[in-house]
Amino acid sequence: MDHPAAIITGASNGIGRGVAELLLSKGWRVLGLDREESTLQSAAYEHEVLDLTQAGIAYLEELFAQIGPDLVVHSAGIGIMQPFANSAIEVDERLIALNVDAAYAVTKAFVREAHRSRRPQHLILLSSLSGISATPGMALYAGSKHFVSGLAKSVAAELRQDEIGRASC
């Protein structure tokens, strides 16, 4: 029997790396995607340096079709704590590109692959408590995580209705 396969974004550090290490310890094959190199060492681990804000849906669809993941964990994201009025537009745009646009692209590629392959798969989109509450100085971050939470819940309902794959947040 083949070992299950996972694709994890933000796999070089933080939660993404922790998820990769856990899955590797359970015998999974893991492809880590991150804009930075990884120091994770395992025969079952592959790493691709990839800027998700530039990758595009078509590339991710091709990658998902090639790997055939049982699990996709979207952990990549950034948090910036600064009053909304004072934040630099360039910083805001970078947060939106990674926290919103990349989450959209990963989700779209996952759903399309789930429809194409018609096999059990699971998507986990990492959000934050900021995705269900409001915190001063976190307006844009909270807004991006509200998007992620809403996207995950709606996609989960669609996948349940179509009886393919699962999504959670």
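Here is a chat about how helix α4 packs against its neighbours in a predicted model.

Mentor: Residues count from 1 along each chain as its sequence is written, and side-chain values use heavy atoms, leaving out hydrogens and water. Because the model is predicted, local features need pLDDT of at least 70 and side-chain atom pairs count only at pLDDT 80 or more, while totals for chains, interfaces and linings use all residues.

Trainee: What makes residues 89–117 count as helix α4?

Mentor: A helix is a DSSP run of H or I with at least four residues, numbered from the N terminus. α4 has 29 residues.

Trainee: How do you know that its reach of 40 Å is close to what's expected?

Mentor: The expected span is 1.5 Å times one less than the number of residues, which for α4 gives 42 Å.

Trainee: What is the bend in α4, and where is its centre?

Mentor: A bend is the angle between axes fitted to the seven residues ending at a residue and the seven starting there. In α4 there's a kink of about 35°, centred on Ala97.

Trainee: Why are α4 and α5 called roughly parallel?

Mentor: Angles under 35 degrees count as roughly parallel, over 145 as roughly antiparallel, 65 to 115 as roughly perpendicular and the rest as oblique. α4 and α5 (residues 139–162) pack at about 5°, with axes 10 Å apart, so they are roughly parallel.

Trainee: And why are α3 and α4 oblique?

Mentor: The axes of α3 (residues 57–67) and α4 cross at roughly 45° and come within 9 Å, so the pair is oblique.

Trainee: What makes Phe64 part of the α3 contact with α4?

Mentor: Contact means heavy atoms within 4.5 Å. Phe64 is among the α3 residues that meet α4, where the partners include Tyr104 and Phe110.

Trainee: What is unusual to spot just after α4?

Mentor: Arg118 follows α4, and its phi is positive, about 55°, although it isn't a glycine. Arg118 is found in the loop between α4 and β5 (122–125).

Key
Axes fitted to C-alpha atoms, helices over the stretch in contact; angles between N-to-C directions. Helix = DSSP H or I, 4+ residues; strand = E, 2+ residues; numbered from the N terminus.
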